[in-house]
Every structure is written in structure tokens, then in C-alpha cells.
Amino acid sequence: MDALADLLQGVRAQGALFSKSVMTPPWALRFDHDSPLTLVTMVRGQAWIVPGAGEPLRLEAGDTALLRAPGPHTIADPVDAPISCTVLSEQLCLGPDGEPLVEEAALGLRTYGDSLDAPDLLLSGYYEVPKELSRRLFATLPPILIVPADEYQDRWGAMIEAEISCTAPGQQLVLDRLLDLALITKLRDWFALPGAKPPAWYTAMADPVVGRALRLLHNRPAHPWTVATLAENCGVSRAALARTFKSLVGVPPMTYLADWRVSLAAERLRDTDDTVDSIARRFGYSTAFALSAAFKRLRGTTPTEHRRRARGESTMKGTGPIDDSTDPRTDSVGQDPS
């Protein structure tokens, strides 16, 4: 595993709302749903993405856009076209008069619009992002990013377009996995574009030393790492690793590890009923108090408080009434000995 794979592990298209819109200008599709991540591809024709706030962005044929901010956005041709359809969910689309429009607009399975031979063809898909680690990645991205057309995109668009109309068994699963593949490849493509600003750890993965150190930290977060043992595993001196790691990633190795461990623990706290003590030991802390100290330092709260707030509950199962923020002991991770 690597850092990108770890952070995308929880992002899966499940029962993907994946649709094909075939339109004749002027048209405007308004998407007003709460999906945290949307992917759109302009297979043919051209359009504008009109966000709720900010300037419109141009979509040319073959371009793919990722919209990470939930909330309404419009895709239109031309930019000031009146709203033709408002998509509220996979079950409900509204016409210009606010009345349900699903049957009237349907041109086939998952296909909506004027006619199948209309000049503009747009594919759209939506993701759930349930994992805290994945949200951590997307928080580093701009609200809208556009990846220009390329040869791969032509093949991918053709596969999606064909599968949308397919009625064979397993079609939903195929669409879900195609959408997953699209997200990973398009993120990598965007990170490589001139002027893009990927997270520091992403570019650092290409460094032979720091990249190996990051993989070690991600693969074995519970290991009792020190800068010295990490450097030994990377085949460099302690000073060289500390210097290069901070230069490329922006923080010292042990600071990065502490943040990664706390992020893993935060996700486990939200998704399971495991005790704070068992989660602490799972991710390299000797006791619940040690994890709490790191949590308090990095997030300003305790594990128990985080779990309660994340779940929106007043009483948690399996953690007990312990106040895990008062023990004076601290964990060494997060204090870089370099």
C-alpha cells in the first residue's frame, strides 16, 4: 500500500448514481443533492460548470471534472441557459416547473435528455465518502478540478457509455468499479498537470528514500518507529532522512506518523465499538491514555468525545465512562527526535 491507496481505500461507488444525459442546446442540468464527490465527463459537445459560488469553468469534449464540494451546481450549454432539469436523487428529477420529470426525460436505462442523437453527451457519477481518511485527502483538493481529454479518457468514456445501457447481470457492480477506476486515474492525471498542487506527501512518494519511508509508515503504523529505525530501513542516515523527509513532506517523520496514527484511530472510533484501549494498541500506543494525549494534542479533543460527536450519540458502547484526557503520561510519537 501507499499513501494514496490508503486514503482512497474507503472511497467506493456503491449503487452508483451513474447516468448519461443527451441534450440539445440550450440546456442546463442542475444537480442539487448531497453527494460529497461528483465526477462528470463531457463525452461530446461542450458545456460550462456553474458552481454555487465562483466563476464558471469550461468543459470541452473529453474533459473530466471532479467536484468535491456537496451542494448545488449546474452544468449548462450555454453558460446562461435556463434550467432544463434539476436532479435531486437517483429517483427524482424535476422539470422547469418543479414537477417530477423522470419518465418524460427517460431515453433508456440511466439515460435522460432530448434524443439519443443530440449533440451534447454528458456522463455523471457520484461517490459516497464515508471514511475519515478519504475526507482527509479530498480536503486538500480544490472544489472543482478539471482533467483535460486524453486517449485513455476516450476508451473509458466508451466503456461507461456502453455499460450504462447494458442490462446484463452484474451491471451495477461493473459501473461501480469503473467509477472507482475513473476516480483514481483522474486524480493521478490531475496531480501530474502543470500548475496542479497535489498534497506534499503525494509528490514525496516519488523520492526513493522518502517514498519508502512513507510506505513503511503506512504499512506498519503500529511498529515502534523512531527516526533512527526508519532511516536504517531506508538505507540512509538518521540526519539525512529527517532533513529530506521534512523538506519534501513538510513535517518531520514522527509528526507525520502521529497524525497518521490518530487519523486511523479516529476512523476506527467512528466505525466500530472497539474500546479506546484496543484501538490505541492497534495503532501503536501503549495505553488509552497515550492515545488520548496524542488525540488531545492534534485534535483538541479526546477519543471518547470524538466518537460521541462523530456518531451523534450521547452514550457510547464499549468504551466505558473513563475520562481519558487526564492521565499525565504522553506518547513519544509526535515529538521528532531529530
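The paragraphs below lead through a predicted model of a protein, from its overall make-up to selected residues and helix contacts.

The protein contains 13 helices and 13 strands. Of its 338 residues, 48% are buried. When contacts are restricted to residues at least 6 apart in sequence, 72% of them join residues at least 24 apart.

The strands and their loops offer a starting point, and two cis peptide bonds belong to this part of the account. In general, most peptide bonds are trans. Pro25 and Pro26, however, are joined by a cis peptide bond, with omega at about 0°. Pro26 sits in the loop that runs between strand 1 (19-23) and strand 2 (27-31). A cis bond also leads from Asp77 to Pro78, where omega is near 0°. Pro78 belongs to the loop between strand 7 (73-77) and strand 8 (85-89).

Arg58 is part of strand 5, which spans residues 57-59. Its relative accessible area is 30%, a value that lies between the 20% limit for buried and the 50% limit for exposed, so Arg58 is classed as partly exposed. Once neighbours within four places in sequence are set aside, Arg58 is in contact with Gln46, Ala47, Trp48, Asp63 and Ile146. Ala76 lies 18 residues from Arg58 along the chain, and the C-alpha atoms of the two residues are separated by 9.8 Å.

Ile146, a contact of Arg58, also has a recorded separation from Lys186. These two residues, Lys186 and Ile146, are 40 residues apart in sequence, and their C-alpha atoms are 9.0 Å apart in space. Lys186 lies in helix 5, which covers residues 171-191. Is Lys186 buried or exposed? Its relative accessibility is 2%, and because buried means under 20%, Lys186 counts as buried.

Leu141 occupies the loop between helix 3 (132-138) and strand 13 (144-147). With 6% relative accessibility, Leu141 counts as buried. Beyond its neighbours within four places in sequence, Leu141 is in contact with Arg68, Leu187, Trp190 and Phe191. One of these residues, Arg68, is 73 residues away from Leu141 in sequence, yet their C-alpha atoms are 7.7 Å apart in space.

The account now turns to the packing of helices. Two packed helices are described by the angle between their axes and the distance between those axes. Helix 7 (residues 208-219) and helix 8 (residues 227-234) pack at about 120°, and their axes are 9 Å apart. Why is this pair called oblique? The range for roughly perpendicular ends at 115 degrees and roughly antiparallel applies over 145, so an angle of about 120° makes helix 7 and helix 8 oblique to each other. Their crossing is right-handed. Helix 7 contributes Val209, Arg212, Ala213, Leu216 and Leu217 to the contact, while helix 8 contributes Leu230, Asn233 and Cys234. Sorted by class, the residues of this contact are 6 nonpolar, 1 polar and 1 charged.

Helix 8 also packs against helix 9 (residues 238-249), at an angle of about 95° and with axes 8 Å apart. Because angles of 65 to 115 degrees count as roughly perpendicular, this description applies to helix 8 and helix 9. Here helix 8 supplies Val227, Ala228, Leu230 and Ala231, and helix 9 supplies Arg238, Leu241 and Ala242. The contact of helix 8 with helix 9 comprises 6 nonpolar residues, no polar residues and 1 charged residue. Leu230 of helix 8 takes part in the contact with helix 7 and in the contact with helix 9.

Two cysteines may be considered next. Cys234, which belongs to the contact between helix 7 and helix 8, has a relative accessible area of 13% and is buried. Cys85 also counts as buried, at 10% relative accessibility. A disulfide is a covalent bond between the sulfur atoms of two cysteines. How many disulfides does the model contain? With a limit of 2.5 Å between cysteine sulfur atoms, the count comes to 0 disulfides.

The final residue is Tyr285, placed in the loop between helix 11 (276-282) and helix 12 (288-299). Tyr285 counts as buried, at 2% relative accessibility. Along the chain, Tyr285 and His223 are 62 residues apart, and a distance of 9.6 Å separates their C-alpha atoms.

How values were computed. Residues numbered from 1 in each chain as written. Predicted model: local features only at pLDDT ≥ 70, side-chain atom pairs only at ≥ 80, totals over all residues. Heavy atoms only, no water. Buried < 20%, exposed > 50% of the residue type's maximum accessible area, 1.4 Å probe, protein only. Axes fitted to C-alpha atoms, helices over the stretch in contact; angles between N-to-C directions. Helix = DSSP H or I, 4+ residues; strand = E, 2+ residues; numbered from the N terminus. Parallel < 35°, antiparallel > 145°, perpendicular 65-115°, else oblique. Left-handed = near helix turned anticlockwise from the far one by under 90°. Contact = heavy atoms within 4.5 Å. Nonpolar A, V, L, I, M, F, W, Y, C, P; charged D, E, K, R; others polar.
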